[in-house]
Structure formats: structure tokens, C-alpha cells
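Here is a short briefing to read alongside the model. Keep the viewer open and follow the topics in turn.

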Amino acid sequence: MNPAPLLAVEGLVKHYRLPRERLLEPGPLVHALQGVDFTLAAGRSLGVVGESGSGKSTLARLVMALEAPSAGRVLLDGEALHALAPAALRRARAQLQMVFQDPYGSLDPRRSVLHTVSEPLRVLHGASAAEQRARAAEVLDAVGLGTAALARYPHEFSGGQRQRIAIARALITRPKLIVADEPVSALDVSVQAQVLNLMQELQQRLGLALLFISHDLAVVDLVCDEVIVLYRGRVVEQGAPAALFRQAAHPYTRALMDAVPRLGGGRRARRVPEPLPAADAARALSQGCAFAPRCAWVQPRCIAERPTLLPLVTTEPARPPAQRASAHLAACHHASMVAALGAEPGDDGTIAHNR
């Protein structure tokens with residue numbers, strides 16, 4: 001029997017009301033998340049990928065209980081975070097911390113490293129000055145900076161060192177879950193590798209669960225045990241990186257992979273789909289597949305019927321039971337064809353093999 005997950009997201013929906021465009025009419029709704037479901041076990045890592053506007057950062061804010069969902073629940077250790085009283089939510093916050101994208105903007109330049117790193121202890125636990133200093137020294141050692149950094153200020157450090165300070169701040173409450181929102185995208189490539197290796201080492205040593213949000217597929221492939229792909233606030237594909245990135249079953253996932261720059265090239269150009277008529281595109285967005293207006297495999301069924309997330313046969317290498325990820329899932333009416341190795345859309349919308 002599998003243990004209860006550390007983090008469970010159930011039917012998460014988030015709508016934002018924009019400013020009104022006409023005096024007597026309400027502003028339009030933006031559907032940032034539309035029924036997101038996933039679980040994350042203790043000590044495991046889940047990657048969230050998608051283009052800008054897909055709902056990744058909104059998901060992070062809802063998981064951290066920084067915003068309330070329009071519908072659905074976020075459960076940490078079985079407790080619904082958004083249903084907790086303020087005092088109970090404050091106590092729960094010690095179990096989940098966040099690492100932000102910008103190591104320059106996430107640290108107060110007027111505060112010393114000691115003050116910055118120990119602030120969660122002071123706010124959440126009311127720790128004494130001696131305990132704050134001891135714990136701050138402990139986590140700075142863990143991220144490879146040492147106690148000499150305590151009296152210094154953020155401007156005295158490089159970008160990679162500042163992100164190490166941000167990771168130390170996240171670790172000081174000894175959380176069970178860390179949400180990392182694009183934690184290395186603002187860093188140089190060589191520094192990215194150092195920070196990613198550090199996060200993996202800390203995760204293994206401390207048994208942390210990691211929700212890793214990124215647009216960089218190579219980084220997610222390296223760090224994560226499982227991946228979900230978001231498009232317009234919906235999960236369109238989910239699975240282990242070994243299956244998902246090497247035999248993508250959703251056209252959107254394949255489009256993300258094709259957007260990654262590669263040396264050499266040599267692949268034939270993909271067919272650019274004809275734009276759908278405006279009425280069909282609007283119908284697809286409202287009741288069909290939201291990706292249909294951009295999809296080379298679009299069929300009438302895609303416009304009329306929204307696909308559900310269903311399991312596929314996967315070619316994931318065999319692993320011990322404790323290391324197996326969940327099944328490869330995709331929300332696509334033609335996923336089995338799209339997942340075929342080397343498959344390309346033909347001029348008539350059918351699949352033609354490329355090799």
C-alpha cells in the first residue's frame with residue numbers, strides 16, 4: 001500500500017478578473033488554472049514545464065497558499081492549506097518554503113545575510129538570537145558558503161552565491177517541501193550546474209520534496225523524477241522524463257522540445273498547420289482541445305470534444321518498485337499516433353514516419 005503523498009493538488013482552478021473594458025459590464029475572466037491534479041511524495045521531485053502564461057507561477061503561488069484558489073484544494077500532509085485558520089497556516093508554512101527566480105531581487109540589499117537567512121525562524125518560531133545565528137551558520141555550511149558570510153551583504157556575492165543564500169533561507173525551517181520557481185534561469189550556465197548539483201545533493205541528504213518549475217527542459221530532465229506539462233492552465237502530459245521527453249505523446253510537448261536550440265540540425269522542417277476558422281478556434285478553446293488552433297494533427301473531434309488525461313503504454317526503462325514514476329499520461333485524442341517514434345503529420349493530417 002502506497003503511503004499518503006506529502007503534497008496533493010486536487011482540481012485546482014484559478015480565475016482572475018481583469019479591469020472592466022465597458023462601464024456597465026464586468027471585466028473579462030482569465031482562466032490561469034483549469035482543474036490541475038497531481039501528487040508529490042516525500043523525497044521526490046516533480047517538474048512543471050510550459051511556455052509563459054501556461055499557469056506555472058500561478059500554481060506555485062497557490063501551492064504556497066499565497067493566493068486562494070477559485071476551486072479545488074492543496075493538501076500538505078493531508079491538511080487543506082487554504083482551509084486552515086491564520087495561526088495554523090503560519091505553523092504549516094514552516095513545512096514549505098520557496099526559492100525565487102531572481103537571486104538579486106529576492107534578497108534585501110539593506111539586510112545582512114544573517115538577518116535574511118534567519119528571518120523565517122524569527123517570524124515563524126520566535127527563535128532567540130543565539131538560535132538564529134547557530135541555525136543560519138548550519139544552513140550556510142550546508143550550501144557551501146560558511147559562517148564568514150553571515151556578516152556580509154548581498155552585493156558582496158556573485159549570482160550563484162546569492163542563490164545559495166536563498167536556498168539556505170529556504171532550508172532554515174527544515175521544511176518538507178521546497179517550491180523552486182525558475183531557480184537557475186537568471187544564472188550563467190556554469191553557475192546553473194553548481195546550483196542544480198547543490199539542490200540535488202541537499203534533496204538526497206535531507207529527504208526534501210521538490211516542486212521544480214522551469215521552462216528549461218534539459219534542467220527538468222536532469223533534476224526531476226516526474227514531469228507535468230501545462231498548457232493554458234491544464235495538464236496535457238505527465239510522466240517520467242525518460243518516457244515523456246524521449247517519446248512525447250502530446251503535440252504541445254513535441255513543440256516545446258522542437259523549440260530547444262540544437263547543434264547541427266539536419267531535421268526536416270515540420271508542417272506548419274493551417275489556421276482554423278475563427279468559429280472553430282473559438283469552439284476548440286471553449287469546449288474542445290485548447291491546443292487545436294496550433295496543432296498539426298487537429299481533427300474535427302479535437303474541436304468538439306475536450307480530451308482527458310489518460311494513461312499510455314510507455315517505454316520507460318525498468319526500475320525498482322521504489323523508484324518507479326507514475327504512468328505516462330496524455331490529454332490528446334491522437335496521443336498514441338503522436339508518440340510513435342519519428343512520427344510527423346502528413347499533409348492530410350495523418351501520421352507519416354520520418355525514418
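Over which ring does the charged end of arginine 152 sit? The ring belongs to phenylalanine 157, and the charged end of arginine 152 is 4.3 Å from its centre. Please keep in mind that this is a predicted model. The points below go through the two sheets, the helices that pack on them, the aromatic pairs and a few backbone details.

**The eight-stranded sheet**

- Eight strands make up an open sheet with mixed pairing, and their order is 6-7-8-3-9-10-12-11.
- The edges are taken by strand 6 (96-99) and strand 11 (310-311); each has a single partner strand, so one side of each has no neighbour in the sheet.
- Strand 9 pairs with strand 10 (residues 234-239) in the antiparallel sense, over five bridges.
- Two of the facing residues are easy to find here: valine 229 has glutamate 237 of strand 10 as its bridge partner, and leucine 230 stands opposite valine 235 in strand 10.
- Strand 10 also runs antiparallel to strand 12 (residues 329-330), to which two bridges join it.
- Glutamate 237 turns up again in this second pairing, where its bridge partner in strand 12 is alanine 330.
- How much of strand 10 is buried? Five of its six residues are, so the strand is mostly covered.

**The four-stranded sheet**

- A further open sheet has four strands in the order 2-1-4-5, with antiparallel pairing.
- Strand 2 (29-40) and strand 5 (79-80) are its edge strands; because each has a single partner strand, one side of each is left without a neighbour in the sheet.
- Five bridges connect strand 1 (residues 7-17) and strand 4 in the antiparallel sense.
- Within that pairing, valine 74 in strand 4 is the bridge partner of valine 9.

**Helices on the sheets**

- Which strands of the four-stranded sheet does helix 1 touch? Helix 1 packs on this sheet against strand 1, strand 2 and strand 4, and its direction makes about 115 degrees with that of strand 1.
- Going back to the eight-stranded sheet, strand 9 and strand 10 pair there in the antiparallel sense. Helix 1 (residues 56-63) packs on that sheet too, touching strand 3 (45-49), strand 6, strand 7 (177-181), strand 8 (209-213) and strand 9. The angle between the directions of helix 1 and strand 7 is about 155 degrees.
- Helix 5 (residues 159-171) packs on the eight-stranded sheet as well, where it touches strand 6 and strand 7. Its direction makes about 170 degrees with that of strand 6.

**Helix 3 against helix 5**

- Helix 3 (residues 113-125) and helix 5 have axes that come within 7 Å and cross at roughly 35 degrees.
- Val113, Thr116, Val117 and Pro120 make the contact from helix 3, while Ile165, Ala168 and Arg169 make it from helix 5.
- By character, the contact residues are five nonpolar, one polar and one charged.

**Aromatic pairs**

- The count of aromatic pairs in the model is three.
- Tyrosine 231 and tyrosine 252 form a tilted pair, 4.6 Å centre to centre with 50 degrees between the planes.
- This pair links distant parts of the chain, 21 residues apart: tyrosine 231 lies in strand 9 (residues 226-231) and tyrosine 252 in helix 9 (residues 251-258).
- Why is the pair of tyrosine 252 and phenylalanine 291 edge-to-face? Their ring planes stand at 65 degrees, and planes over 60 degrees apart count as edge-to-face. The ring centres are 5.5 Å apart.
- Here, too, distant parts of the chain are linked: phenylalanine 291 is in the loop between helix 10 (278-287) and helix 11 (300-304), 39 residues from tyrosine 252.
- Ring pairs join Tyr231, Tyr252 and Phe291 into a cluster.
- Tyrosine 231 is buried at 4% relative accessible area, tyrosine 252 at 1% and phenylalanine 291 at 4%.

**Positive phi values**

- Most residues other than glycine have a negative phi, so a few exceptions are worth a look.
- Alanine 65 has a phi near 60 degrees and is found in the loop between helix 1 and strand 4 (71-76). With a relative accessibility of 10%, alanine 65 counts as buried.
- Arginine 174, in the loop between helix 5 and strand 7, has a positive phi of about 55 degrees.
- Arginine 232 takes a positive phi near 50 degrees in the hairpin of strand 9 and strand 10, which has two residues between the strands.

Notes. Residues are numbered from 1 along each chain as its sequence is written. This is a predicted model: local features need pLDDT of at least 70, side-chain atom pairs count only at pLDDT 80 or more; totals for chains, interfaces and linings use all residues. Side-chain values use heavy atoms; hydrogens and water are left out. Rings of Phe, Tyr and Trp (its six-membered ring) pair if their centres lie within 6.5 Å; planes under 30 degrees apart count as stacked, over 60 as edge-to-face and the rest as tilted. Buried means under 20% relative accessible area, exposed over 50%, partly exposed in between (1.4 Å probe, protein chains only). A charge sits over a ring if NZ of Lys or CZ of Arg is within 6 Å of the ring centre and within 35 degrees of the ring normal. Two strands pair if DSSP finds at least two bridges between them. Contact means heavy atoms within 4.5 Å. Axes are lines fitted to C-alpha atoms, for helices over the stretch in contact, and angles run from 0 to 180 degrees between N-to-C directions. Ala, Val, Leu, Ile, Met, Phe, Trp, Tyr, Cys and Pro count as nonpolar, Asp, Glu, Lys and Arg as charged, and the others, Gly among them, as polar.
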